[in-house]
Amino acid sequence: MNKVMTRTLTSCLLLVGLNSQTLLAAESPKEQHPDSKGFLALGVGAFAGQSPFGDASAGLGYFVNGAYEWDNGLFVEVPGGPNNILGNTSVGYNLYRNTHWDVDFLASSARSDADTKYIQQDGSELRFTKNQTNYLGVRFRGIWSGLRFQLIVAPELSDDRGAYVSSQISKHWTIKNWHLFSAYRVNYLPGDMLNYYYGVNNTENNNNNRIEGLPEYIASSGLSHSLHLGATYPLTENWLFDASLRYYHTPSAIADSPLIQSNLARGDNRSRNALGLGLSVSYVF
């Protein structure tokens with residue numbers, strides 16, 4: 001694997017979540033301790049990645065991964081780490097549960113705060129601070145024929161950024177002490193949300209990515225696709241090792257933005273789609 005590919009492998013970890021709960025990622029600590037109503041894990045990891053949203057990079061980072069559900073059905077989830085397939089921090093209420101299915105009311109975000117960057121010809125950057133996109137929605141989760149399903153439907157995003165739908169299917173295996181899984185996710189991203197982050201509008205008194213010299217661009221809606229392969233191994237009763245490989249396919253509505261096209265041309269080893277690798281160890285309380 002060449003040097004670029006090694007670096008190519010963190011952006012995706014930060015995205016897939018661009019972005020993207022009690023079916024927890026891989027075999028979560030909660031699944032290993034079924035009598036517990038929650039868990040908390042603190043970890044440190046090495047990450048490498050390449051994407052259209054930032055220069056190819058590699059480094060170290062720390063994360064918090066946890067969840068707790070009260071007897072009245074209220075819960076909070078703070079997913080983190082390389083094997084997070086749940087999305088962003090969420091709070092919610094369980095509406096229905098049986099042996100195979102869960103239905104939750106969920107408050108979370110479809111996209112975190114972001115600095116949209118534009119790399120100018122001289123190499124300097126223009127930055128536009130973009131607020132988090134939140135939602136109130138319903139989440140359906142279930143297990144059927146050895147497969148795990150998740151569907152999130154949010155009829156309206158914050159600041160009138162449209163409707164949001166996220167679907168995911170995953171498969172888990174246990175081989176000796178290794179827990180392996182694969183997950184495939186498709187998100188519907190509304191045009192109003194994508195236009196907020198990646199549109200170009202140079203009309204007077206408009207601060208949404210106003211860049212003189214770039215053509216006007218109004219983003220349409222799009223589908224994002226991501227594939228996640230993960231492995232977890234218990235080093236001791238409390239210490240876990242995780243490995244993760246992620247691929248994220250960037251929707252054309254994002255990739256066609258003049259902001260992204262310019263950054264791909266002028267950035268450091270950026271790519272249209274994202275690939276990320278993560279290795280971590282965490283301590284479970």
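Buried here means under 20% relative accessible area. That cut-off applies to each stop below, and the model on screen is a predicted one.

**Helix 6**

Select residues 258–266, which make up helix 6. Which residues of this helix are buried? They are P258, L259, I260, S262 and N263. To see what lies over them, add strand 6 (114–119), helix 4 (191–198) and helix 5 (252–255), which are among the elements covering these buried residues.

**The barrel**

Next, show the strands. Twelve of them form a closed barrel with antiparallel pairing, in the order 1-2-3-4-5-8-9-10-11-12-13-14. Within this sheet, neighbouring strands are turned against each other by 25 degrees on average, direction ignored. Strands of a sheet pair through backbone hydrogen bonds, in a parallel or an antiparallel sense.

For one such pair, select residues 147–154 (strand 9) and 164–175 (strand 10). Eight bridges join strand 9 and strand 10, in the antiparallel sense. To find the register, pick L147 and look for its bridge partner in strand 10, which is K171.

**Y184**

Move to strand 11, residues 178–189, and select Y184. Is Y184 buried, exposed or partly exposed? Its relative accessibility is 37%, so Y184 counts as partly exposed. Beyond its neighbours within four places in sequence, Y184 is in contact with S167, Q168, I169, H225 and S226. With H225 there is a polar contact between the two side chains, at 2.7 Å. Now measure from the C-alpha of Y184 to that of L227: the distance is 4.7 Å, although 43 residues separate Y184 and L227 in sequence.

**Salt bridges**

Side chains of opposite charge can pair when their charged atoms come close. How many salt bridges does the structure hold? There are twelve. Three of the pairs are visited here.

Start with D55 and R270, whose closest N and O atoms are 2.9 Å apart in a salt bridge. D55 sits in the loop between strand 1 (38–50) and strand 2 (57–69), while R270 sits in the loop between helix 6 and strand 14 (274–284). The pair thus links distant parts of the chain, 215 residues apart. The two ends can be coloured by accessibility: D55 counts as partly exposed because its relative accessibility is 32%, whereas R270 is buried, with a relative accessible area of 12%.

Then select E77 and R139, a salt bridge with its closest N and O atoms 3.2 Å apart. E77 lies in strand 3 (residues 74–78) and R139 in strand 8 (residues 133–144), so this salt bridge ties together parts that are 62 residues apart in sequence. Both E77 and R139 are buried.

Extend the selection from there. E77 and R139 belong to a network of salt bridges that also links E69, R97, D102, D104 and R141.

The last stop is R127 and D115, whose side chains meet in a salt bridge at 3.9 Å, N to O. R127 is in strand 7 (residues 125–130) and D115 in strand 6, and the two are twelve residues apart. R127 is exposed, with a relative accessible area of 51%, and D115 counts as partly exposed at 42% relative accessibility. Strand 6 was already on screen at the opening stop, as part of what covers the buried residues of helix 6.

Terms used: Residues numbered from 1 in each chain as written. Predicted model: local features only at pLDDT ≥ 70, side-chain atom pairs only at ≥ 80, totals over all residues. Heavy atoms only, no water. Buried < 20%, exposed > 50% of the residue type's maximum accessible area, 1.4 Å probe, protein only. Helix = DSSP H or I, 4+ residues; strand = E, 2+ residues; numbered from the N terminus. Contact = heavy atoms within 4.5 Å. Pairing = 2+ DSSP bridges. Axes fitted to C-alpha atoms, helices over the stretch in contact; angles between N-to-C directions. Polar contact = N/O pair within 3.5 Å; in protein donor to acceptor, adjacent residues only side chain to side chain. Salt bridge = Lys/Arg side-chain N within 4 Å of Asp/Glu carboxyl O.
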